[in-house]
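Here's an informal walk through a two-chain model. Have the sequence and the coordinates open while you read.

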Amino acid sequence: MKNDTFKKITSQRLFLPIFCLALVLLVNILTTPNFFAIEVRDGMLYGYIIDIINRASELVILAVGMTLVVSASAGTDISVGAIMAVSAAVCCNILTGGERAATVYANPLILGFIAAIVVGIAIGCFNGFLVAKLNIQPMVATLIMFTAGRGIAQLITDGQITYVRVDSYRTLGASIPGIPVPTPFIVAMIVVAVTALLLKKTALGMYIQAVGINKKSSRLVGIKAIMIIFLTYAYCGFCSGLSGLIASSRIYSADANNIGLNMELDAILAVAIGGNSLGGGKFSIAGSVIGAYTIQALTTTLYAMHVSSDQVPVYKAIVVVIIVALQSPGFARWRKSLAQKKVKEAA
Amino acid sequence: MKNKMKLNQTSFLLLITIVLFFAMYGIGCVLFSTQGFGKTQNFLNLFISNAGLIVIGIGMTVVMITGGIDISVGSFVAMGCMMLAWMMEKGGIGAVPAVLIVLATGIVFGLVQGFLVAYMDIQPFIVTLAGMFFARGMTAIISKDMISITNATFMAWAKAKIYLPFGGYVNKKGVMIYPYIYPTVVIALLLLVAAFIMLRYTKFGRSIYAVGGNEQSALMLGLNVRKVKLKAYVLDGFLCGVGSILFCLNTLGGFVEQAKGFEMDAIASSVIGGTLLTGGVGNVIGTLFGVLIKATIEAFITFQGTLSSWWTRITIAALLCFFIVLQSILAMIKKKK
């Protein structure tokens, strides 16, 4: 009986991703005793844990968009980091009115935000057009924006870092007065909730999976496969634009070379760590979100252990391989054969 | 029947690539005729500066034909260069053992990645992404500062010019100057021919196509799918080792940020050359032309000379876009027929 409940828990789809996240966090009990301490300073929460949920926000948003893209088109969008840079550049450039630094807004804040999101969606549509309509392999199609994106961002900002030194611009990346939780976390949660609702309450979620599993047959049963794939890319563009804004607000500037750098890799990793197949089809948004937090938890843990930033990748790589190996079919096979051996021995 | 169509498509894509390359080079010769774009030496420079990329592109193509991908190559090149530089300058190891150690590291790297992909069934993108992180981080662990290579043997290899007996011109002093290449180019082209023959005429080569085309059928035909995949990654690892040595002979140093984005160059070259990311289709000759096209685009930008760095990126992307879209449209028209 007891064995049964244990099996039920371990066979849950999200069990392994959550287990891995817990494992990463648990390491800290041994190495950094004050890791779980949360304190309140000036009405704001502080601590390593808060740092993780704050810093992971962009990644969570990207992972949501990436999950849909991966599911529908069985490919990855490697341009998300570059889109972040473009949207940040557009927003800052509008807010400064074309100057390289400003202490007052030249245009309303909302205009900058909307323009940045629109640009994100537009680039997403471009990617979507190439993938869905022209049938180009996703990674190759997005390689174009991956290469051009930072160039365009530099073109917009004239190759310099553009600063918006207005306090209200920092709200999105820091906190709203009176609310102790960091704003990026709230935004990320809204995106996750809205996406989940949209997928659950409409048939979109099912359509996306159907297209991912078999494009041809889903078209034959009447789903507009091309449209669905196009939409996922547009949505991924929206997510990238939004996280570009958050990243830019954190540093109240647009840095074309560094905003969203290597974020595409982390986003794809988050999707995979969350137990989703990169081959398309069935997906779990919750899994990707957990994956994103796992990656950030890992990075923060390493920093808490005083590993220097350019050496972090080595440990990250090792842990990632272990996590993915634990979830791999190869490992499951090995476990199964081991169990069978045991049964045989017992008999 | 299906197989025949696929092969036809491969050669068709290859044809497009080759025609476009010569068209592009021709345009360059016309546009920059006064600056000597059309000189034999300039043509050879395309090979000289990309010998490493050609070799790594071969490895990438082989892996891509199995339906996989390897995005760790850029970081591996950085690690390989750093290892060479550190061993020869700080470690007191001779050039020959250093080169052998890098080759062995490449094989081990390929073995580990191949094992994870083939036997653990982990997605190639994720495995090699981890490999990418690992190699880049390792480069920083070996040394955070740039190391320049001064080893005499290694320098001699790097500077050994091989003059071609034709294509020369008489300079202002009336001396006949022949165009030259470096040994790196010879190595790269020899490996290319070897890979071409291997893929086309050996059992292993054909089984790579079979595994990439349809894993299930390959399995049913009695192929050891896992073993073939593992071998492909080991071969890729070895070629990465060779590629990083050739790259190092060109740059003569190692630093953490080296060869960043190199993996995308390699993937783009393979794809432009007609290799499909979905597996089963591809050709190393196409990859060679893919590299040459990328090199020609870069040569355009150097000859143009006034573009700011961001325009370089945008131009490369625009040409890439033009190329990929054209390829896709042509393939679609062909399919419709």
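How many Å should the 24 residues of helix 5 (residues 95-118) of chain B span, and how far apart are its end C-alpha atoms? At 1.5 Å a residue the helix should span 34 Å, and its end C-alpha atoms are 34 Å apart, which agrees. The expected span here is 1.5 Å times one less than the number of residues.

Before going on, some housekeeping. This is a predicted model, where local features need pLDDT of at least 70, side-chain atom pairs count only at pLDDT 80 or more, and totals for chains, interfaces and linings use all residues. Residues are numbered from 1 along each chain as its sequence is written, while chains are lettered from A and ligands numbered from 1 in the order in which they are written. Helices (H or I, at least four residues) and strands (E, at least two) are DSSP runs, numbered from the N terminus.

Back to helix 5 of chain B. Its buried residues (20 or more other C-beta atoms within 10 Å of their own, with C-beta atoms placed from the backbone) include Ala98(B), Val102(B), Phe109(B), Gln113(B) and Val117(B). What do these buried residues pack against? In chain B the partners are helix 4 (73-89), helix 6 and helix 11, and from chain A there is helix 14 (312-327).

Here is how the two chains look on paper.

| Chain | Helices and strands | C-alpha box along principal axes | Buried residues |
|---|---|---|---|
| Chain A | 15 helices, five strands | roughly 80 × 55 × 35 Å | 50% of 347 residues |
| Chain B | 14 helices, six strands | about 70 × 55 × 40 Å | 48% of 337 residues |

The radius of gyration is taken over C-alpha atoms, and the globule rule is 2.2 Å times the number of residues to the power 0.38. Chain A comes out at 21 Å, close to the 20 Å that the rule gives for 347 residues, so chain A is as compact as a globular protein of that length. For the 337 residues of chain B, a compact globule would have a radius of gyration near 20 Å, and the chain has 20 Å, which agrees.

Now for contacts, which need C-beta atoms, placed from the backbone, within 7 Å. In chain A, 78% of the contacts with a separation of 6 or more are between residues 24 or more positions apart. In chain B, 75% of the contacts between residues at least 6 apart join residues at least 24 apart.

Where do the chains meet? The contact takes 38 residues from chain A and 38 residues from chain B. On the chain B side, helix 6 (124-142), helix 12 (262-272) and helix 14 (309-336) each supply at least two residues, and helix 14 of chain B gives the most, with twelve. That side divides into 29 nonpolar, five polar and four charged residues. Nonpolar means Ala, Val, Leu, Ile, Met, Phe, Trp, Tyr, Cys and Pro; charged means Asp, Glu, Lys and Arg; the others, Gly among them, are polar.

The largest nonpolar core (buried Ala, Val, Leu, Ile, Met, Phe, Trp, Tyr and Cys joined through C-beta atoms within 7 Å) has 205 residues, and Ala63(A) and Leu84(B) have the most contacts inside it. Helix 11 (residues 225-251) of chain B gives the largest share of this core, 15 residues. Among the residues that Ala63(A) touches, leaving out those up to four places away in sequence, are Ala267(A), Val271(A) and Val289(A).

Finally, the sheet. In chain A, three strands form an open, mixed sheet in the order 3-4-5, where pairing takes at least two DSSP bridges. Strand 3 (101-102) and strand 5 (253-254) of chain A stand at the edges with a single partner strand each, so one side of each is left without a neighbour in the sheet. Strand 3 of chain A pairs in the parallel sense with strand 4 (residues 162-164) of chain A over two bridges, and Ala101(A) stands opposite Tyr163(A).

Notes:
Contact = placed C-beta atoms within 7 Å. Buried ≥ 20, exposed ≤ 12 C-beta atoms within 10 Å, placed from the backbone.
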